[in-house]
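Work through the exercises below with the sequence and model open. Try each task before you read its solution.

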Amino acid sequence: MRLFISPISPYVRKVEIIAHLKGLGDRLEKVKARDVGVDIASLNPLAKVPTFIADDGEVMIESGLICQYLDEIGTGPRLYGDDAKTRRSILQQEALAQGVLDAAVACRMEVREHSPEQQSTAWLERQHKKLEAGLTAIEKNLSNLSSDLGLLHACYVCALYFIDQHKVYESWRQHYPHLAQWYLQMRALPLIASTEPQAGH
């Protein structure tokens, strides 16, 4: 199995965490998408990471889809649930976390790509409203999380790390103290710590 990556992508990190949870981490061949000679666009028309090639040659181009595949073929409890209703609930929460991360990425790109006078204040405000509403919902959902590390833990951690790393919402800990405490505990777990992007990458 090959996973095309950027070392700092939160979407890639989510896939890596799930691969390890499902006992598949050692089977992943990670390829940096920007390395010389790598033509990711020939596999994924969007030329984005993560892009994944299964052992049988099937190509998958979205992190959630890749995680579902890994859940199907890996070992251990099913991360997406064993029945349709549970699966829908988990997918709903995954979509919420993905939306928070997407809003954070949108803020980061607006600031990175435009000088301060060119930035759209209205656009940034819209994204921040999504962040606030999404984090409020995520904090409320913490009481429903299993104590065992799973899909939603990975989703939340990846989103919060990106928000922190790029200073997208610097005061979030003040507004969501329970989520902040939970995140502190998650970062101390060996698997979460081992997948955290390293400085300089």
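**Exercise 1. Place Cys 158 in its helix, and decide whether Cys 158 is buried or exposed.**

Solution.
- Step 1. Cys 158 sits in helix 5. Helices are DSSP runs of H or I with at least four residues, strands are runs of E with at least two, and both are numbered from the N terminus.
- Step 2. The relative accessible area of Cys 158 is 2%, so Cys 158 is buried. Buried means under 20% relative accessible area, exposed over 50%, and partly exposed in between, with a 1.4 Å probe and protein chains only.
- Step 3. Take Ala 104 as a second point. Cys 158 and Ala 104 are 54 residues apart in sequence, and their C-alpha atoms are 11 Å apart in space.

Two notes on the source apply throughout. This is a predicted model, where local features need pLDDT of at least 70, side-chain atom pairs count only at pLDDT 80 or more, and totals for chains, interfaces and linings use all residues. Residues are numbered from 1 along each chain as its sequence is written, and side-chain values use heavy atoms, with hydrogens and water left out.

**Exercise 2. Find which residues line the largest cavity, and which helix gives the most.**

Solution.
- Step 1. Fix the terms. On a 1 Å grid over the protein atoms alone, a cavity is a set of points where a 1.4 Å probe fits but cannot get out. A pocket is an open set with protein on both sides within 12 Å along at least five of seven lines. Lining residues have an atom within 4 Å of a point. Points are joined across faces, edges and corners, and a volume is the space filled by probe spheres set on them.
- Step 2. Count and size. There is one cavity of 30 Å³ or more. The largest cavity has a volume of about 50 Å³.
- Step 3. List the lining: Pro 10, Lys 14, Glu 94, Ala 97, Gln 98, Leu 101, Cys 155, Cys 158 and Ala 159.
- Step 4. Assign elements. Helix 1, helix 3 and helix 5 each give two or more residues to this lining. Helix 3 gives the most, with four residues.
- Step 5. Sort by class. The lining has six nonpolar residues, one polar and two charged. Ala, Val, Leu, Ile, Met, Phe, Trp, Tyr, Cys and Pro count as nonpolar, Asp, Glu, Lys and Arg as charged, and the others, Gly among them, as polar.

**Exercise 3. Describe the two largest pockets by volume and lining.**

Solution.
- Step 1. The largest pocket has a volume of about 860 Å³. Its lining has 27 residues, and Ser 6, Ser 9, Tyr 11, Arg 34 and Val 49 are the closest to its centre.
- Step 2. Helix 3 supplies the largest share of that lining, six residues. By class, the lining holds 15 nonpolar, five polar and seven charged residues.
- Step 3. The second largest pocket holds about 450 Å³. It has 21 lining residues, and Leu 79, Ser 146, Asp 148, Gly 150 and Leu 151 lie nearest its centre.
- Step 4. Helix 3 again supplies the largest share, here four residues. The classes are eight nonpolar, 10 polar and three charged.

**Exercise 4. Check the length of helix 1 and its burial.**

Solution.
- Step 1. The expected span is 1.5 Å times one less than the number of residues.
- Step 2. For the 12 residues of helix 1 this gives 16 Å; the end C-alpha atoms are 17 Å apart, which agrees.
- Step 3. Helix 1 is mostly covered, with 10 of its 12 residues buried. Among them are Pro 10, Tyr 11 and Lys 14.

**Exercise 5. Work out the strand order of the sheet and the hand of the crossover.**

Solution.
- Step 1. Strands pair if DSSP finds at least two bridges between them.
- Step 2. Strand 1 (residues 2-5) pairs with strand 2 (residues 29-32) in the parallel sense over four bridges. From strand 1 the chain passes through helix 1 (residues 10-21) to strand 2, a right-handed β-α-β crossover. Right-handed means that, with the strands pointing away from the viewer, the path from the first strand over the helix to the second runs clockwise.
- Step 3. Strand 1 and strand 3 (residues 51-53) run antiparallel, joined by three bridges. Phe 4 stands opposite Thr 51 there.
- Step 4. Strand 3 and strand 4 are antiparallel too, over two bridges. Ile 53 has Val 59 as its bridge partner in strand 4.
- Step 5. The result is an open sheet of four strands in the order 2-1-3-4, with mixed pairing. Strand 2 and strand 4 (59-60) are at the edges with a single partner strand each, so one side of each has no neighbour in the sheet.
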